[in-house]
Amino acid sequence: MNDLDPHLLVVDDDERIRSLLKKFLMRNGFLVSTARDAAHARRVLAGLEFDLIVLDVMMPGEDGMALTRALRETLQTPILLLTAKGETDNRIEGLEAGADDYLPKPFEPKELLLRINAILRRMPDTSAADTAPKVLSLGVIRYDMERGEMWQGDDLVRLTATEVQLMKIFAAQPGVALSRAKLVEELGRDRGKRRNARSMFKSPACAARSRAIRNSRNTCKPCAARAICWPRTDLAPPAEPGR
């Protein structure tokens, strides 16, 4: 686990249970989102990542077992099933569906907490360096973080020394808007570097590159402060040069 509070998704068709679980888990240091049924859970999962899913089995429509099987086709997030059926066959069915643990109702809140923490302790540390994205992408523009190279389609974009330093700053904070003043500060206190940075922002090459980025998909809209930012990360492995 990373240093952030684990984010849990609680899926239960009973509003009272959802509310009680959310309050209890938040008091014990978790971030908690909720969903009222399988369809709602799918919409939430499409936009957010979670460290663990607490899923009720007995729901109208698509039940917890069916949702677990479907999620396991594409998702590795651990799942803890909650159900009023505590027979051995039901527990085996839940585990075979892909659940990481199975807790029969009624249960003590402390037991739920212990089981959640036990599951999270078994999960690998996703903050490890080898899981970090290697390429930042925006449309046809991509920046290879390991090689320090920028590509526009199949063409290598030649970067000045100052541009290389700027790209290192952008790559270290993907998705974060950085003001010109902040960039100049990051580049160093040397006056020559500050002049080079300001000149680069006004150069024809930079303007062309900025237009290419702005015209690409998913570009960040410039804010009122004329901030500069690099887009969201692309988790695909680095493409071979020239391909």
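Helices here are DSSP runs of H or I at least four residues long, numbered from the N terminus. Keep in mind that this is a predicted model.

Let's start with helix α4, which takes in residues 88-97. Which of its residues are buried? N90, G94 and A97 are. They cover an arc of only 65 degrees around the axis, so they end up on the same side of α4. That fits the usual helix geometry: an α-helix has 3.6 residues a turn, so residues three or four places apart point the same way.

Now look at the other face of α4. Turned away from the buried side, it carries D89 and E96, which are exposed. As for what covers the buried residues of α4, the list includes α3 (64-71), β4 (79-83) and β5 (101-104).

Step off the end of α4 and you meet G98, which follows the helix and has a positive phi, near 120 degrees.

Carry on to the loop between β5 and α5 (109-122), where you'll find P106. Check the peptide bond leading into this proline: from K105 to P106 the bond is cis, with omega near -5 degrees.

Last stop is D154, sitting in the loop between β8 (149-152) and β9 (155-157). Is D154 buried, partly exposed or exposed? Its relative accessible area is 49%, and because exposed means over 50% and buried under 20%, D154 counts as partly exposed. If you want a landmark for D154, try I141: the two are 13 residues apart along the chain, and their C-alpha atoms are separated by 9.6 Å.

Methods:
Residues numbered from 1 in each chain as written. Predicted model: local features only at pLDDT ≥ 70, side-chain atom pairs only at ≥ 80, totals over all residues. Heavy atoms only, no water. Helix = DSSP H or I, 4+ residues; strand = E, 2+ residues; numbered from the N terminus. Buried < 20%, exposed > 50% of the residue type's maximum accessible area, 1.4 Å probe, protein only. Arc of directions from axis to C-beta. Contact = heavy atoms within 4.5 Å.
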